[in-house]
Amino acid sequence: MKVLHVDTNHPLLLEQFAQLGFENHEDYTSTKEEVEKKIHLYDGVIIRSRFTLDQQFLEKATSLKFIGRVGAGLENIDIRYAKHRGIFLASAPEGNRNAVGEHALGMLLSLMNHMCKANREVKKGKWDREGNRGVELDGKTVGIIGYGNMGKAFAKKLRGFDVEVICYDIVGGVDDDNARQVGIMEFQQKSDVVSLHVPQTELTQGMVNSQFINGFHKPFWLLNTARGKCVVTEDLVTALKSGKILGAGLDVLEYEKKSFENMFIQKPKAFKYLRKAKNVLLTPHVAGWTVESKEKLAQTIVDKVKAKFC
């Protein structure tokens with residue numbers, strides 16, 4: 001089979017596909033329109049997030065048998081049309097779930113203990129112990145929204161703490177020994193921490209808005225290592241100002257470009273507030289972006305394609 005790689009990934013993808021007898025072609029610079037002109041020549045395509053494989057693109061991919069998305073989500077693929085065409089879709093949430101779980105835990109502990117703020121102050125010569133008094137995680141209830149690969153990985157990391165972990169998911173029966181599944185009313189009643197681990201869909205886009213936030217019975221910390229568009233930033237800022245949200249750890253932002261590769265050009269007023277807020281921790285969409293996950297993501301795609309076609 002001929003496979004087109006349109007994003008750079010770990011070299012094992014090319015190496016192991018070659019060992020399977022696949023013919024690898026690499027094109028990391030052509031525009032989507034240029035790729036469309038030749039995609040009919042390929043049986044498979046490997047992508048990250050450089051552009052969207054919409055129906056128009058897939059209609060031109062007349063020989064396509066599989067799409068390998070080296071990442072967790074499939075929002076940049078027209079899933080419905082791809083399945084209609086019988087195209088095999090392989091994503092790799094198994095490859096970076098551990099990295100996401102560790103990143104979420106690191107963000108939470110940093111927020112609760114003012115680590116970034118304290119670090120900046122000490123480096124400037126300010127020694128403020130009382131102003132950096134932390135809050136312990138033990139005894140809190142951690143609520144996880146979306147209990148798939150990522151949510152389960154975060155819950156596993158919490159096992160060493162004396163916390164109650166609950167989860168909310170639109171799919172029933174997903175709980176395990178690390179988290180108890182609850183309805184939305186109990187979730188909003190008990191959660192001290194809310195961590196998002198959902199895909200970007202019509203249901204999850206803008207789900208964390210003023211109505212959702214105000215449904216919680218007590219102030220809470222918010223973590224988002226999922227997708228930026230799941231949170232309405234202006235509503236988040238309002239909640240941070242009022243104290244309804246105690247602090248936010250955001251690895252993803254509503255204003256990100258689809259490719260995730262570059263900082264957005266426009267800087268809305270709400271983002272300017274996040275940049276200055278002492279109780280907000282920002283990272284550049286790297287929760288699943290570790291040395292180890294780069295290899296595991298690629299290996300997961302190889303394994304799934306191999307199991308399907310070899």
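## Lys 117

Lys 117 counts as buried, because its relative accessibility is 12% and the cut-off for buried is under 20%. This value, like the others here, comes from a predicted model. The residue sits in helix α6.

The side chain of Lys 117 makes a polar contact. It reaches the backbone oxygen of Gly 131 at 3.4 Å. Beyond its neighbours within four places in sequence, Lys 117 is in contact with Asp 128, Gly 131, Asn 132 and Lys 278. Gly 131 thus appears both as the partner of the side chain and in the list of contacts.

## The second largest pocket

The second largest pocket holds about 350 Å³ of space. Its lining counts 22 residues. Nearest the centre lie Leu 111, His 114, Lys 278, Asn 279 and Val 280. One of these, Lys 278, is also a contact of Lys 117.

Which elements give two or more residues to the lining? They are α5 (93-112), α6 (115-123), β11 (245-250), α11 (269-276) and β12 (280-282). Helix α6 gives the largest share, with 4 residues. That is the helix that holds Lys 117. By residue class, the lining divides into 12 nonpolar, 4 polar and 6 charged.

## Aromatic pairs around Phe 17

The whole structure contains 10 aromatic pairs. In one of them, Phe 17 and Phe 22 have ring centres 5.1 Å apart. Their planes meet at 40 degrees, so the pair is tilted. Phe 17 and Phe 22 are both buried.

Phe 17 also pairs with Phe 66. Here the ring centres are 6.3 Å apart. The planes stand at 65 degrees, so this pair is edge-to-face; the cut-off for that class is over 60. The pair links distant parts of the chain. Phe 17 belongs to helix α1 (residues 12-19), Phe 66 to strand β4 (residues 66-69), and 49 residues separate them. Phe 66 is buried, as is Phe 17.

## The ring cluster

Which residues do ring pairs link into a cluster with Phe 17? The other members are Phe 22, Phe 66, Phe 88 and Phe 309. Within this cluster, the pair of Phe 17 with Phe 22 is tilted, whereas the pair of Phe 17 with Phe 66 is edge-to-face. Among the members, Phe 17 and Phe 22 are buried, and so is Phe 66.

Conventions
Residues are numbered from 1 along each chain as its sequence is written. This is a predicted model: local features need pLDDT of at least 70, side-chain atom pairs count only at pLDDT 80 or more; totals for chains, interfaces and linings use all residues. Side-chain values use heavy atoms; hydrogens and water are left out. On a 1 Å grid over the protein atoms alone, a cavity is a set of points where a 1.4 Å probe fits but cannot get out, and a pocket is an open set with protein on both sides within 12 Å along at least five of seven lines; lining residues have an atom within 4 Å of a point. Grid points are joined across faces, edges and corners, and a volume is the space filled by probe spheres set on the points. Ala, Val, Leu, Ile, Met, Phe, Trp, Tyr, Cys and Pro count as nonpolar, Asp, Glu, Lys and Arg as charged, and the others, Gly among them, as polar. Buried means under 20% relative accessible area, exposed over 50%, partly exposed in between (1.4 Å probe, protein chains only). A polar contact is a pair of N or O atoms within 3.5 Å; within protein, one must be able to donate a hydrogen and the other to accept it, and residues adjacent in sequence count only if both atoms are side-chain atoms. Contact means heavy atoms within 4.5 Å. Rings of Phe, Tyr and Trp (its six-membered ring) pair if their centres lie within 6.5 Å; planes under 30 degrees apart count as stacked, over 60 as edge-to-face and the rest as tilted.
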